[in-house]
Amino acid sequence: MKPTYPWEYIQLGCCGSPIETDAGWLVLTHGVGPMRQYSLGAILLDRDDPTQVIGRTREPLLTPNLCERDGYVPNVVYSCGAQIHHAELILPYAMSDQACGFVVIPVPDILKAMS
């Protein structure tokens, strides 16, 4: 894949293993945009032919907020994977190499945000 949106113009990468859903393979991504800000997004790949991209988030799912911007590596959120539990994505993430947390996102909301 190539960077498409401003929040991922500098770099686009994968955040862990693909997660199988009824809609396809959900792949979390990290994008590096202006001011070296790392954000998290997602793509959806066809279940039978994962070389086919079904959708991708136009806007990031997660960006560093004011409390998450300061640290050893500033302006960064990142993850090494996630899991789905009861139609919700449980996404652990780290911020600025200083702290960690998790966010819960309904999977239907992620799929709806994809173009």
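Which backbone oxygen does the side chain of S79 reach at 2.7 Å? I looked this up in a predicted model. The partner is the backbone oxygen of P92.

**Entry 1: S79**

I stayed with S79 and placed it in the sequence. S79 sits in the loop between β6 (77–78) and β7 (83–85). I then checked its side chain for a further polar partner and found the backbone oxygen of G81, at 3.0 Å.

Is S79 buried or exposed? Its relative accessibility is 8%, and the cut-off for buried is under 20%, so S79 counts as buried. I listed what S79 touches, leaving out neighbours within four places in sequence. The contacts are C15, L40, L91, P92 and Y93. P92 is thus named in this list and also supplies the backbone oxygen at 2.7 Å.

**Entry 2: S39**

I turned to a second serine. S39 belongs to strand β4, which covers residues 38–45. I noted a relative accessible area of 1% for S39, which is buried.

Which side chain makes a polar contact with the side chain of S39? I found Q37, at 3.5 Å. For the wider surroundings I again set aside residues up to four places away in sequence. S39 then touches W7, T29, H30 and G31, and also P60, L62, T63, P64 and V77.

**Entry 3: the whole chain**

I went on to the overall fold. I counted 1 helix and 9 strands in the protein. Along the sequence the nine strands come before the helix, in the pattern β-β-β-β-β-β-β-β-β-α. The radius of gyration is 14 Å, and the globule rule gives 13 Å for 115 residues; the two are close, so the protein is as compact as a globular protein of that length.

I took the extent of the C-alpha atoms along the principal axes and got a box of roughly 40 × 30 × 20 Å. I also looked at contacts between residues at least 6 apart in sequence, and 42% of these join residues at least 24 apart.

**Entry 4: surface and charge**

How much of the protein counts as buried? I noted 39% of the 115 residues. The accessible surface comes to about 6,700 Å². Carbon and sulfur atoms account for 56% of that surface.

Last, I looked up the charges. The protein has 7 positive and 12 negative charges, and their mean positions are 8 Å apart.

How values were computed
Residues numbered from 1 in each chain as written. Predicted model: local features only at pLDDT ≥ 70, side-chain atom pairs only at ≥ 80, totals over all residues. Heavy atoms only, no water. Helix = DSSP H or I, 4+ residues; strand = E, 2+ residues; numbered from the N terminus. Rg over C-alpha atoms; globule rule 2.2 N^0.38 Å. Buried < 20%, exposed > 50% of the residue type's maximum accessible area, 1.4 Å probe, protein only. Contact = heavy atoms within 4.5 Å. Areas by Shrake-Rupley, 256 points an atom, 1.4 Å probe, with all protein chains shown as cover. Lys, Arg positive; Asp, Glu negative; His and termini not counted. Charge placed at Lys NZ, Arg CZ, Asp CG, Glu CD. Polar contact = N/O pair within 3.5 Å; in protein donor to acceptor, adjacent residues only side chain to side chain.
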